[in-house]
Amino acid sequence: MPDALRLPLRLLAAVAAGLALWLSFPEHDLWWLAPVGVALLGGATLRAGGPQGFLLGFVAGLAVFVPTLSWTGIYVGRLPWFALAVLEALYVALQCSLTGFAGRRLAAAGATRAAYALIPLGWVAQEWLRGTQPWGGFPWARLAFSQADSPLAHLARWFGAPGVTFAVALVGTLLLVSVVFLVRGPRIVAPLPALLAAAVVLLSGTVPLPTDGRQATIGFVQGNVPEPGLSFNAERRAVLDNHVTGTERLAESAPEDLSLVVWPENASDIDPLRNEDAAEQVRRAQAAVDVPLVVGAVLAEPADASSNVSLFYTGQGEPADRYTKIHPVPFAEYIPHREFFRTFTPMADLAGNFVAGDEIGVFDVPAPGGSYAALPTICFEVAYDGLMRDSVLAAGDRDSVILVQTNNATFGFTAESEQQFAISRLRAIEHGRSVVHVSTVGVSGFVAPDGSVTGKTGLFTAEQGIGRPVLRSGTTLSDRLGPAPQALATAVLGLLVLASVRSGHRARVTGTPRPAEDRPRA
């Protein structure tokens, strides 16, 4: 290929890769495009070298994150949206820089298989870094989170979300190898990698997903807000009243074995521990159903700060237990280095001043067949592997159900709600637990341990749901492995990069000529 055409074609492939990845996520839900995106990006970067790999990865990252995260700027403007998209794209750029650097050298040394292994390993390592750094990371739009409807999602039970990401990237890499064989030969074996990719997908769907166990009758209330946007907070009393009214309606049709009712995040942004009027409204709702009630609330504590909490009311007046959100969202619920960022945008003052909790929540819910544990998770926390795993492990050997309480009012009629709901579906498979996912404005619903959904609601509607989710105990292989798959993938990636450096050094020492495609170009 002429040098003048190589970079433009690679850039085109990078853009196509990013767009394919974007389309794999909700609301497009074309999950099969995720491996295609991986294949396109891998083909563009594998022998591109470090600097060009960085450029290509950055372009691909923008192509996926700008549209996928468009909901972040729906009411606060383009600057925060593009700033987040650029930050996330830089992680893909770093990944592709390593892929290009090490891939070129390994291929030149004849270690082609090792070069291809950089692609799936790089995706796992990149998502681990992106999901933890900085300020706790932002693990949204991971390959795994596009696969809720895919057979590959079954692998979450064994290897967690990182294992699903690896499988998606492996399938994409096999597709790339098939195309390379078709173009460069030997063409006779070109179908084999594609058949192996198909086998990975199909066999993943055979991983058993147990759904047995006793059931509990649980209700949720999606109260809705007066209008979409940031102004929902100015109508705090209306939002609280909506959830009280919804709870009273649910009580009218509730079965006798109802054991728990769940409100979403921000259902009471009026502190019910300090405002007697709000406290009376909550007590009124709890008395109507006459079962424990989980309330998403904002507390005016500690001094000069706020706490995003789940309060567990059992009918004894004050809440019997509480969970404080462990992972407040940076640049939304709090601003790190607020004074610095205020110099760039007045939007810095729109964020709250929330403090983090330090203890996993486990609510003890009495039920006819014996008590069970309700495990509260607030909003974006559902995207964090370690936090979700710690929550399930905190239940010990007790039957339990995961509660995901969220507020999507600030994201309007965008894909954010569906993207988050898809993450809950993957978590249900990963931990072998039912999930009660309830939003202030939708979407809400019940997710079974196999990822299937019942009682799903619409956006910006006032609805109530009653379901009978399965209660399960025990741990999955994913729970027991913890972060080991990510650590192993990252370690192997590091060894391959080191091997590529050593192979390049040996080539210089021995004077071994490099292939024409690997030689520096003007």
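This passage describes the strands, buried residues, salt bridges and surface of a predicted model.

Among the strands of the predicted model, β1, spanning residues 217-222, runs parallel to β2, and the two are joined by four bridges. Within this pairing, isoleucine 218 is placed opposite leucine 260 of β2. Strand β2 also pairs in the parallel sense with β3, which covers residues 293-299, in this case over two bridges, and here valine 262 faces valine 294 of β3. Strand β2 itself comprises residues 258-262, and because five of its five residues are buried, the strand is largely enclosed by the rest of the structure.

The loop that leads from β2 to helix α9, the latter formed by residues 276-289, contains serine 268. With a relative accessibility of 0%, serine 268 is classed as buried, and its side chain comes to 2.8 Å from the backbone oxygen of isoleucine 270. When residues up to four places away in sequence are set aside, serine 268 is in contact with Leu240, Ala278, Val295, Gly296, Ala297 and Val298.

A further set of strands forms an open sheet of six members, arranged in the order β6-β7-β8-β9-β10-β11 and with mixed pairing. The edges of this sheet are occupied by β6, at residues 363-365, and β11, at residues 453-454, each of which pairs on one side only. In general, the strands of a sheet pair through backbone hydrogen bonds, in either a parallel or an antiparallel sense. Strand β10, made of residues 445-447, runs antiparallel to β11 and is joined to it by two bridges; phenylalanine 446 has threonine 454 of β11 as its bridge partner.

Helix α12, which extends over residues 416-431, includes phenylalanine 421. This phenylalanine 421 has a relative accessibility of 1% and therefore counts as buried, the limit being under 20%. Leaving out residues up to four places away in sequence, phenylalanine 421 touches His437, Val443, Ser444, Gly445, Val447, Val453 and Lys456. Between phenylalanine 421 and valine 438, which are separated by 17 residues in sequence, the distance from C-alpha to C-alpha is 9.4 Å.

Helix α11, at residues 385-394, has Asp385, Leu387, Met388, Arg389, Ser391 and Val392 as its buried residues. Just after this helix α11, glycine 396 adopts a positive phi of about 65°. The buried Asp385 also belongs to a network of salt bridges in which Glu127, Arg142, Asp385, Arg427 and Glu430 are linked.

Side chains of opposite charge can, as a general matter, pair when their charged atoms come close. In the predicted model, the count of salt bridges comes to 20. One of these salt bridges brings together the side chains of arginine 284 and glutamate 248, with an N to O distance of 2.6 Å. Distant parts of the chain are linked by this pair, since arginine 284 belongs to helix α9 and glutamate 248 to helix α8, formed by residues 236-253, with the two positions 36 residues apart in sequence. Both partners are partly exposed: arginine 284 has a relative accessible area of 37%, and glutamate 248 has a relative accessibility of 25%.

Glutamate 301 takes part in a salt bridge with arginine 274, in which the closest N and O atoms are 2.7 Å apart. Because arginine 274 is located in the loop between β2 and α9, whereas glutamate 301 is located in the loop between β3 and β4 (307-313), the pair ties together parts that are 27 residues apart in sequence. Arginine 274 is partly exposed, at a relative accessible area of 48%. The side chain of glutamate 301 also meets that of arginine 322 in a salt bridge, with an N to O distance of 2.7 Å. This pair likewise links distant parts of the chain, with arginine 322 in strand β5, at residues 321-324, and glutamate 301 in the loop between β3 and β4, 21 residues apart. Arginine 322 is partly exposed, with 35% relative accessible area.

On the surface, Phe54, Val86, Leu87 and Leu90 make up a nonpolar patch of about 280 Å². The most is given to this nonpolar patch by helix α4, at residues 78-108, which provides three residues. Helix α4 is where valine 86 is found, and valine 86, at 33% relative accessibility, counts as partly exposed.

Conventions: Residues numbered from 1 in each chain as written. Predicted model: local features only at pLDDT ≥ 70, side-chain atom pairs only at ≥ 80, totals over all residues. Heavy atoms only, no water. Pairing = 2+ DSSP bridges. Buried < 20%, exposed > 50% of the residue type's maximum accessible area, 1.4 Å probe, protein only. Polar contact = N/O pair within 3.5 Å; in protein donor to acceptor, adjacent residues only side chain to side chain. Contact = heavy atoms within 4.5 Å. Patch = residues over 30% accessible without salt bridge, like charges linked within 9 Å, V, L, I, M, F, W, Y side chains within 5 Å. Areas by Shrake-Rupley, 256 points an atom, 1.4 Å probe, with all protein chains shown as cover. Salt bridge = Lys/Arg side-chain N within 4 Å of Asp/Glu carboxyl O.
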